Amino acid sequence: MHRPVGYRFVRWNWKTAFLPISGFLILLGAVVHRYRDHPYVVGYVSLAFRETLGRLVSDGQRVAAILTAVSVMIVMESAIMFLPTFLKVSKGTTPTMAARAFGLFFVVGLVLDPVAGWLGDLVGTRPIAIASITLTAAGLTVLVVGDGLMLLVGILALGGGIGGFWPAFNALLMTVLSSGGRDSEYGAAKTIWIAVGSVGPGIVGFVGGSYGYDAAFGLLDVIAGLAIGTLLVGARGRA
């Protein structure tokens, strides 16, 4: 059967699925450029990373906040990378069900993201951040020890906890950074927790391959518990 020119290009698969996303990003960039109110300024900026890092590590609350973010980033990156594998290997779910559960993880996080921000305005950002990580740890526990419908509960708790954490935490972090260098300190802190947190999937992959993914996700549960501890330590330091 003769196929028209360009058939292989337009045939939809996981690669071509990125085309509309790329097109949207290009369109978004053009719109932002078109309606930009201020001119572009090209110049040199002194990062002063050593001084910024010094301010971060000189304050106990800031150190506790960074350790919390590092722990949560490890949990989040690892869960995103290995949740489908965990469900298939450790729980025996089908690839289709594992993919659907993976999508549900993101949907729940997306829904609870603004809800957590709203609750943070009502009751405070630290309680919401602690509650979110507690929910994350509970979700990991249910995933490790549960089966059947309990896996759904664990996925909902895990996705909701991680999704609800970052709005509250970012607002909380702004209150502990110094007023004179808040922007640079936030940038440095975020660089740290992203860089260190990115090793999480490597650790989980090693543990999962060597001892099983139940052990790997149990380790993530312990790390989530450490995040709760550092948040509580930060609260005591503020008091």
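From the N terminus on, the elements of the protein chain simply read α-α-α-α-α-α-α-α-α-α, giving 10 helices and zero strands (DSSP runs numbered from the N terminus, helices being H or I with at least four residues and strands E with at least two). This is a predicted model, with local features needing pLDDT of at least 70 and side-chain atom pairs pLDDT 80 or more, while totals for chains, interfaces and linings use all residues. Numbering starts from 1 along each chain as its sequence is written, and side-chain values use heavy atoms, leaving out hydrogens and water.

Of the 239 residues, 37% are buried (under 20% relative accessible area, 1.4 Å probe, protein chains only). Contacts (heavy atoms within 4.5 Å) with a separation of 6 or more come to 75% from residues 24 or more positions apart.

The largest nonpolar core (buried Ala, Val, Leu, Ile, Met, Phe, Trp, Tyr and Cys joined through side-chain atoms within 4.5 Å) holds 52 residues. H4, H5, H6, H7, H8, H9 and H10 each put in at least two, with H4 giving the most, 14 residues. Leu-220, among the residues with the most contacts inside this core, touches Ile-74, Val-75, Ser-78, Ala-79, Leu-140 and Val-204, leaving aside residues up to four places away in sequence.

Helix H5 covers residues 95-123 and has a kink of about 30° at Leu-112, shortly before Pro-114 (the angle between axes fitted to the seven residues ending there and the seven starting there). Its buried residues include Phe-105, Val-108 and Gly-109, and the cover over the buried set includes H4, H6 and H7. Just after H5, Gly-124 takes a positive phi of about 110°.

Conventions
Expected span 1.5 Å × (residues − 1). Buried < 20%, exposed > 50% of the residue type's maximum accessible area, 1.4 Å probe, protein only.
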